[in-house]
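Reader: I am new to this structure and should be grateful for a close look at a single part of it. Please explain how that part is built and what surrounds it.

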Amino acid sequence: MSLKAYSDLGGHQLGLPYAKQYMGIYYNKEQFAKAGITRFPETWDEFYKASKALKAKGYTPCAMATADDAYISLSMLSHLIGSSAAGLKWFSIDMQNKRFEDPVFINALTRLKDLLINYTTPDAIGGGYKKAVDNFLKEKTAMIADGPGLIQSLQTDKTLFKKIG
């Protein structure tokens, strides 16, 4: 990515990237097993199938949040976009040339909307990061999209930590 992505339309520098962070989806292996899921999904179709299985067994599949900076929801959106070749290409386009009408982006937003409507807690809409993490740590949800910073919170409860994949 060029520095043009961090400039306004007039070419004025607005910022600089300072770090990249690895993101992932943490999941509760015990809840997955009780729902009959033997491994973490490798495709989005498998992800939704697993979410339906979790929901059928009474588990809320995903911890989500839309308040504050919507970090978790935007992390999921990034996963939804970036998990295909077309999505990776879309990410590589400079902001000035990016089209938010692109089917890759629209499809990802549609799937994110489905997650927010059907596969998360009622407090996700308007709820912040801390609430979503709390839902996951208290095993109210089976999955959460987050970075390595969550590991420290997970390690405070050794029993829970053993359940997380």
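Author: The account below concerns helix 2, its surroundings and the salt bridges of the structure.

This is a predicted model, in which local features need pLDDT of at least 70 and side-chain atom pairs count only at pLDDT 80 or more, while totals for chains, interfaces and linings use all residues. Residues are numbered from 1 along each chain as its sequence is written, and side-chain values use heavy atoms, with hydrogens and water left out.

Helix 2 comprises 13 residues, 44-56, and spans 18 Å from its first C-alpha to its last, close to the 18 Å expected at 1.5 Å a residue. That expected span is 1.5 Å times one less than the number of residues. Helices (H or I, at least four residues) and strands (E, at least two) are DSSP runs, numbered from the N terminus.

Which residues of helix 2 are buried? They are Trp 44, Phe 47, Tyr 48, Ala 50, Ser 51 and Leu 54. Buried means under 20% relative accessible area, exposed over 50%, and partly exposed in between, with a 1.4 Å probe and protein chains only. The buried residues cover an arc of only 160 degrees around the axis, and therefore lie on the same side of helix 2; the arc is that of the directions from the helix axis to the C-beta atoms. On the other side of helix 2, Asp 45, Lys 49, Lys 52 and Ala 56 are exposed. Just after the helix, Gly 58 adopts a positive phi of about 90 degrees.

The buried residues of helix 2 pack against strand 1 (24-27), helix 1 (29-34), strand 2 (60-63), helix 3 (71-82), helix 5 (103-118) and strand 3 (141-146). Contact here means heavy atoms within 4.5 Å.

Aromatic rings are prominent in the account of this helix. Rings of Phe, Tyr and Trp (its six-membered ring) pair if their centres lie within 6.5 Å; planes under 30 degrees apart count as stacked, over 60 as edge-to-face and the rest as tilted. By this rule there are eleven aromatic pairs. Trp 44 and Phe 47 form one that is edge-to-face, 5.0 Å centre to centre with 70 degrees between the planes. Being three residues apart in helix 2, Trp 44 and Phe 47 are separated by about one helical turn. Phe 47 also pairs edge-to-face with Tyr 48, at 5.7 Å centre to centre and 80 degrees between the planes. Ring pairs link Trp 44, Phe 47, Tyr 48 and Tyr 119 into a cluster.

Phe 47 belongs to the largest nonpolar core, which has 40 residues; Phe 47, Met 64, Met 76, Leu 115, Phe 136, Met 143 and Ile 144 touch the most other members. Such a core is a set of buried Ala, Val, Leu, Ile, Met, Phe, Trp, Tyr and Cys residues joined through side-chain atoms within 4.5 Å. Its largest share, six residues, comes from helix 5.

The structure also holds nine salt bridges, each a side-chain nitrogen of Lys or Arg within 4 Å of a carboxyl oxygen of Asp or Glu. In one of them, Arg 39 meets Glu 42, with the closest N and O atoms 3.5 Å apart. Arg 39 is partly exposed at 41% relative accessibility, whereas Glu 42 is exposed at 64%.
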